[in-house]
Amino acid sequence: KLSVSPEMDIMEYCRKEWRGNTPVAKRMRKGYEAVAQKFASIRRIRGDNYCAFRATLFQALSQATQLPRWLQSEDFTMLPENLLSKYDWIKQWQLKQKPGKKMGEISDEIKEYLILLRKKWKNISEIKDPLEKQEACDKLFKNEEEEYSLYEALKFLMLNTAIELYNADKSGRRVPVFSWLLFARDTSSNPCQLMHNHLNHIGHSGGLEQVEMFLLAYALQYTIQVYRLYKYSTDEFITLYPNDPEEDWPVVTLITEDDRHYNIPVRMCQETML
């Protein structure tokens, strides 16, 4: 199964998916028309519970021209070891079981995933030719073993970010509003609960909830811009995670019809000069 399908004309895709005359179909068509003002094509993302990760990471790597600062830091790969030395409960992190692979120490496993993330990001960002870069991304997202290892790395980075935000709030420092919302849920009033009740389930029994999209954006230091088609003609049609992004964060764009499954728009239209 393809993780990221080949590109298809956006309006052609829309006509295929939304034929009827129901209010919902009409709204979706209007939404796709608005996206088509900016992007020519769409690529479908495989619909399992990793699709938000898959869409975000694919877009980030497709346009990467350098290694993000946080991936360059010396102690990046020491993260699992450092966190485990402070928080014993992280031992209950749910590792993705790989068939035929004996599980080592949890910190070694996660370190491996983080090293892979850095290596792939570095390699792809160094490719100058846009066509070659696209081919390298396509190839990576056809390799299931590597692809899912990268999602494990992202999940762990989200946990690390959540711990940082939680501690910052507890010590009276300013934190973004979503961080309060994240820890205001009965199921995630602290990072340990967040891990048990949410992060451990992503990819298995659930995808990312809205508030976790903010956490992903913070972990990657990327702005995730989402066309939420069912919100067409409201001020939530284009939603930014976070909604007050840092100036220097790169932007990736996704499309969703329902906040559960994400696809990606590609090929920005040449802006017509008036």
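This section walks through a predicted model of the protein, from its overall form to its strands, nonpolar cores and aromatic pairs.

The protein has 11 helices and six strands. Its radius of gyration is 19 Å, close to the 19 Å that the globule rule gives for 274 residues, so the protein is as compact as a globular protein of that length. Along the principal axes, the C-alpha trace extends about 55 × 40 × 40 Å. Of the 274 residues, 50% are buried. The accessible surface amounts to about 14300 Å², and carbon and sulfur atoms contribute 50% of that area. Contacts across the sequence are well represented: among those with a separation of 6 or more, 73% join residues 24 or more positions apart.

A good place to begin a closer look is strand β6, which covers residues 262-268. Five of its seven residues are buried, so β6 is largely enclosed by the rest of the structure. Strand β2 (residues 39-43) runs antiparallel to β6 and is joined to it by four bridges. One contact point in this pairing is Phe39, whose bridge partner in β6 is Met268. Strand β5, residues 251-256, also pairs with β6 in the antiparallel sense, here over two bridges. Thr256 has Tyr262 of β6 as its bridge partner. Five residues lie between the strands in the hairpin of β5 and β6, and Asp259 there takes a positive phi near 65°.

Residues of this region also meet Tyr227, which belongs to strand β3 (residues 223-228). The relative accessible area of Tyr227 is 4%, and the cut-off for burial is under 20%, so Tyr227 is buried. Leaving aside neighbours within four places in sequence, the contacts of Tyr227 include Phe39 as well as Thr253, Leu254, Ile255 and Thr256. Val35, Lys38, Phe237 and Ile238 are also in contact with Tyr227. By way of contrast, Glu246 lies 19 residues from Tyr227 along the chain, and the C-alpha atoms of the two are separated by 20 Å.

Turning to the nonpolar interior, the largest core holds 74 residues, and the members that touch the most others are Trp93, Leu117 and Trp121. Helix α8 (residues 144-170) supplies the largest share of this core, with 13 residues. A second, separate core has 15 residues, among them Ile10, Ala25, Met28 and Ile42. The surroundings of Trp93 can be listed in some detail. Not counting residues up to four places away in sequence, Trp93 touches Ile106, Ile110, Phe156, Leu159, Met195 and Leu199, and also Glu152, Lys155 and Asn200.

Aromatic rings form a further theme, with 19 aromatic pairs found in a search of the whole structure. In one of them, the ring centres of Trp70 and Trp121 are 5.9 Å apart and the planes stand at 80°, so the pair is edge-to-face. Trp70 sits in helix α4 (residues 69-72) and Trp121 in helix α6 (residues 106-125), so this pair ties together parts that are 51 residues apart in sequence. Both tryptophans, Trp70 and Trp121, are buried.

The rings of Phe178 and Phe214 show another arrangement: their centres are 5.4 Å apart and their planes lie at 15°, so the pair is stacked. This pair links distant parts of the chain, with Phe178 in helix α9 (residues 177-184) and Phe214 in helix α11 (residues 210-220), 36 residues apart. Phe178 is buried at a relative accessible area of 5%, and Phe214 also counts as buried, at 13% relative accessibility. Ring pairs join Phe178 and Phe214 with Tyr218, Tyr241 and Trp249 in a cluster.

The helix that carries Phe214 deserves a word of its own. In α11, 10 of the 11 residues are buried, so this helix is largely enclosed by the rest of the structure. Its buried residues include the aromatic Phe214 and Tyr218, together with Val211, Met213, Leu215, Leu216, Ala217, Ala219 and Leu220. Glu212 is also among the buried residues of α11. Just after the helix, Gln221 takes a positive phi of about 55°.

Notes. Residues are numbered from 1 along each chain as its sequence is written. This is a predicted model: local features need pLDDT of at least 70, side-chain atom pairs count only at pLDDT 80 or more; totals for chains, interfaces and linings use all residues. Side-chain values use heavy atoms; hydrogens and water are left out. Buried means under 20% relative accessible area, exposed over 50%, partly exposed in between (1.4 Å probe, protein chains only). Two strands pair if DSSP finds at least two bridges between them. A nonpolar core is a set of buried Ala, Val, Leu, Ile, Met, Phe, Trp, Tyr and Cys residues joined through side-chain atoms within 4.5 Å. Contact means heavy atoms within 4.5 Å. The radius of gyration is taken over C-alpha atoms; the globule rule is 2.2 Å times the number of residues to the power 0.38. Accessible areas come from the Shrake-Rupley method with a 1.4 Å probe; for residues, only the protein chains shown count as cover. Rings of Phe, Tyr and Trp (its six-membered ring) pair if their centres lie within 6.5 Å; planes under 30 degrees apart count as stacked, over 60 as edge-to-face and the rest as tilted.
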